[in-house]
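Biologist: Could you take me through one part of this model in close-up? I'd like to see what holds the metal, and then how the surroundings are put together.

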Amino acid sequence: MPVKKVSVLSLLLASTILVITALPISAQTQENVISLAHHSNTECTASVNGMSTSGLIAESSGTPQAQGGVCHVNEGESVDITLTAPTDPTTIAVQGLKDNSIATYYDENHQVVGTYTAGSGYVNELPALMVSSIKITNQSDLLLENGSFESPTSIDDGNIAINLNNPTEIPGWEVVSGNIDWFGPGVAAADGARSVDISGSGVGSIRQTIETEVGKAYVLRFAVSGDPAGGLPEKQLTVSVGDVTETFTYLLTSENSVSNMLWQYHTIEFTATEPTTELTFTSLVDNWYGPTIDNVSVREGQLCSPASSGELPINFVNNTNEEVSFHWLSFDCEEGGGPVLAPGAQEQGITFPGHIFRIRGADGRIIGLYVASAENTTASVGEG
Ligand SMILES: [Ca+2]
Ligand SMILES: [Ca+2]
């Protein structure tokens, strides 16, 4: 039976249709290579047409080996796994990646057919794509130190109040005004066991200075919730990075508790204008129960929509008093078209999980980002 070639690129460009089953079977075997590079404690599971890595040939350049369908790769190490797969091209699914891992999908000519950033706040499972190889990179180029507030691990498990006068207790971070609470495992973190309430006993502010390259694009991502123990349900904070300052409001509901923090992720793009860039989180809640943050990361690069499956409704809403435009970001990070809405206007559409829309004002400036998820199908800009 001849092998039927399918253009993965055209499938991806047409939409995010994913071909998961009913692949043509070749009589010949096809070798595919997956390269893995991860931070410590990262686990991944690779499967080809239902076979786990335990059923595949693993060739490792380092100590880590594919074992029992799960590969463990230590920080700074990488492993090449050679897969012997019965089909061409091959459907590969990789699951359980650590947040901020990036998967790059290649076709048989080693052309990039898609990228996916794991744990971007919406899907944490790679889509199955017909590819010849996947390169997975856990971003060792993350620019923040201790972005998840986990270090040092030797501290006790309680909550710790940190004041301006002892600013170096959380490595990498500096309390620049007021005071903050460093929450322990008694409050469910977005990542790991620790997070920060930016209101200690009142408004606080926490900062980290990162090395940047003038003119380069960066992406800041962080999780926000609020201390559910008291205060008003609106937990406001200001996030400032380089020339960009944005205010966010986290709204507590009756579902929120210390064991169910319902973290929400936000993303900010910025371009460095200095060799160092200050990142500052400032609480606007002047009592004990402030906005909480966790899992903060900054990486170099641009935003791209991931290939994903499952249609989602999307409602574009313009609550500003100017004309705004919504721009879909392609798999190659290119800015595409979308609705242009007059003040107060809205429009319905269809999108896919994780797809990203950049929102621009009438003069072209960026005024927001929207990441599609089943939990939030409204891409709105402005108050209202
Ligand atoms: Ca954490
Ligand atoms: Ca507090």
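**A close look at the calcium site and the strands around it**

Modeller: Let's begin on a strand pair: R207 stands opposite T280 in strand 21. Keep in mind throughout that this is a predicted model. The pair belongs to a ladder in which strand 16 and strand 21 (residues 276–283) run antiparallel, joined by 7 bridges. Strand 21 has another partner too, strand 18 (residues 234–241), with antiparallel pairing over 5 bridges. There, V239 has F281 as its bridge partner. As a general reminder, the strands of a sheet pair through backbone hydrogen bonds, either parallel or antiparallel.

Now for the metal. Which residues coordinate the calcium ion (ligand 2)? D181 and D197 each do so through OD, while S199, G200 and W288 offer their O atoms, at 2.2 to 2.5 Å. Read along the chain, the donors follow the spacing D-x15-D-x1-S-G-x87-W. D181 sits in strand 14 (residues 179–183), and S199 sits in the loop between strand 15 (195–197) and strand 16 (205–211), so this pair ties together parts that are 18 residues apart in sequence. That loop leads back to strand 16, where we started.

Are D181 and S199 buried or exposed? D181 is buried, at a relative accessible area of 13%. S199 is buried as well, and its relative accessible area is 0%.

Further along the chain there is a covalent tie to look at. Searching the whole structure turns up 1 disulfide. The bond links C304 and C333, with an S to S distance of 1.9 Å. C304 is in the loop between strand 22 (291–300) and strand 23 (312–318), and C333 is in the loop between strand 24 (324–328) and strand 25 (340–341), so the pair ties together parts that are 29 residues apart in sequence. The torsion about the S-S bond of C304 and C333 is about 40°, so the disulfide is right-handed. C333 counts as buried, with 18% relative accessibility.

The two strands flanking the C333 loop, strand 24 and strand 25, also appear in an open sheet of 4 strands, ordered 25-24-27-28 with antiparallel pairing. Its edge strands are strand 25 and strand 28 (366–371), each of which pairs on one side only. Strand 28 pairs with strand 27 (residues 356–360) in the antiparallel sense over 5 bridges. Within that pairing, I359 stands opposite G368 in strand 28.

Notes:
Residues are numbered from 1 along each chain as its sequence is written. Chains are lettered from A and ligands numbered from 1 in the order in which they are written. This is a predicted model: local features need pLDDT of at least 70, side-chain atom pairs count only at pLDDT 80 or more; totals for chains, interfaces and linings use all residues. Side-chain values use heavy atoms; hydrogens and water are left out. Donors are N, O and S atoms within 2.8 Å of the metal (3.2 Å for Na, K and Ca); water is not among the atoms, so sites may look incomplete. Buried means under 20% relative accessible area, exposed over 50%, partly exposed in between (1.4 Å probe, protein chains only). A disulfide is a pair of cysteine sulfur atoms within 2.5 Å. Two strands pair if DSSP finds at least two bridges between them.
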